[in-house]
Amino acid sequence: MKTFYYPQREQWGEILARPTQDNGDIACTCEKIFAQVRADGDTAVRHFTKKYDRVDITDLRVNEEEFAMAEEAVSEELKNAIRLAAANIEAFHRAQISEPVEWSDGRGLRCRQETRPIESVGLYVPGGTAPLFSTVLMLAIPARLAGCREIVLCTPPAADGSINPAILWTARLCDVERVYKAGGIQAVAAMTFGTQSIPAVCKIFGPGNRYVTAAKQLATAHGVAIDIPAGPSEVMVVADRSAIPAFVAADLLSQAEHSADSQVVLVTWTPEILPAVEAETERQLALLPRREMAEGVLRHSRTIVVRDRAEALSVVNEYAPEHLIISAEDYDDFADGVLNAGSVFLGNYSPESVGDYAAGTNHTLPTAGWARAYSGVNMDAFVKKITFQELTREGLERLGAAVVTMAENEQLTAHANAVAIRLGEYGTE
């Protein structure tokens, strides 16, 4: 990790830049695959699955026998771990369910707001080098709690055409029955347009590589909503002399092993901790099965030494990290000033990996600075808020003149007439 000592503010943008990649070719590829899936449905999905995943798929939908095999293949230890995580995720997301809001002025005007589930949702679950069965929990549990009528799950198959058994077992645990062997751009296209096997959905959720991210963004051009822009994963660790170097190193490496385009950033105003952190990083790195991946990520990652806590906080809000770990004294006070972050982990004993799996918070979070404007996935992502208004004659008489005046000044005469005709009907023009 390259270290920057006390950089000037005008240098922050360059230092904090994410790894850049040319997505022009990806956009073109997305357009072509979308067009073919729209035209040829399942045939196109199978074609691209063979081309990119190198596997021939006859039946895209996972059948009951495959669910049964997954039940046998997953160890009881893992099942119990998933059940524990599921319980916490369900409890935390259930607590987010909002009550209807109603207001009345007591003189003929009544307004209320109610939630309604999104009718059909598509869940994308990565299944390549790291099959993320935890993502099933993060997406399917709130979808079920919200009351989404149709839940469709797409995940790429392995070389033998199977789906990771933990993904299937977790899907069944979460009452997801419609699981399809499709990944990448073709899966997103299938959920956008619908095929003979895979239903079209109203909204697509889930993390993925830059191909999946580009495909989701293209889906919005075809009238399908998406959760958030969720690209390569990232973590920023803020550490002072109270931080434990071995813990800091472990947090940096846990993110570095995600994918080649991930990024980790360490921020500190106590540079004396850096030699110990660097030594621990080297020691732990040597033991990782995904060492080569992590080494590549560390090469384009950063350590930033700042002057004080206040400057560290400014760096955090400038970067807007997907994951923020605060390993510093008075971390609650520091956290009060955090404006831009996907999810925040407080203190030495709150590793980011706990949030990824079992704390109860959601791990589908905005990356690449999108945390300045987007929240992570939560219960609101699976519902719509619908407003209702009811006016009595008295209520309309009280508001009518103001509405007519405003409409006429916007030169929307028909709007004004919709009120005036009612007032005239009641003889109060």
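At what angle do the axes of α4 and α7 cross, and within what distance do they come? In this predicted model, the two axes cross at roughly 105° and come within 8 Å. An angle between 65 and 115 degrees counts as roughly perpendicular, so α4 is roughly perpendicular to α7. On the α4 side the contact is made by Glu64, Glu66, Phe67, Ala70, Glu71 and Ala73, and on the α7 side by Pro165, Leu168, Trp169 and Arg172. Sorted by class, the residues of this contact are six nonpolar and four charged, with no polar residue.

Both helices also take part in the largest nonpolar core, as elements that give two or more residues to it. This core has 40 residues. The other elements contributing at that level are α5 (76-94), β4 (120-124), α6 (133-146) and β5 (150-155). Helix α6 gives the most, with 10 residues. Within the core, Val121 and Phe382 have the most contacts. Beyond its neighbours within four places in sequence, Val121 is in contact with Phe382 itself, and also with Ala143, Cys148, Glu150, Ile151, Val152, Val201, Lys203 and Phe205. Another core, of 31 residues, lies apart from the largest one; Tyr124, Ala182, Met191 and Leu218 are among its members.

Charged side chains form 24 salt bridges in the model. One of these pairs Glu318 with Arg9, at an N to O distance of 4.0 Å. Glu318 belongs to helix α13 (residues 309-319) and Arg9 to helix α1 (residues 9-15), so this salt bridge ties together parts that are 309 residues apart in sequence. Glu318 has a relative accessible area of 32% and is therefore partly exposed.

A further link between distant parts of the chain is the salt bridge of Arg18 with Glu234, whose closest N and O atoms are 2.7 Å apart. Arg18 is located in the loop between α1 and α2 (24-40), while Glu234 is in strand β9 (residues 234-239), and the two are 216 residues apart. Arg18 and Glu234 are both buried.

Arg172, one of the α7 residues in the contact with α4, forms a salt bridge with Glu177, with the closest N and O atoms 3.1 Å apart. Arg172 is partly exposed, at a relative accessible area of 28%, and Glu177 is likewise partly exposed, at 37%. In addition, Glu90, Arg94, Arg144 and Asp175 are joined into one network by salt bridges that share partners.

Definitions and conventions:
Residues numbered from 1 in each chain as written. Predicted model: local features only at pLDDT ≥ 70, side-chain atom pairs only at ≥ 80, totals over all residues. Heavy atoms only, no water. Core = buried A, V, L, I, M, F, W, Y, C linked by side-chain atoms within 4.5 Å. Buried < 20%, exposed > 50% of the residue type's maximum accessible area, 1.4 Å probe, protein only. Helix = DSSP H or I, 4+ residues; strand = E, 2+ residues; numbered from the N terminus. Contact = heavy atoms within 4.5 Å. Axes fitted to C-alpha atoms, helices over the stretch in contact; angles between N-to-C directions. Parallel < 35°, antiparallel > 145°, perpendicular 65-115°, else oblique. Nonpolar A, V, L, I, M, F, W, Y, C, P; charged D, E, K, R; others polar.
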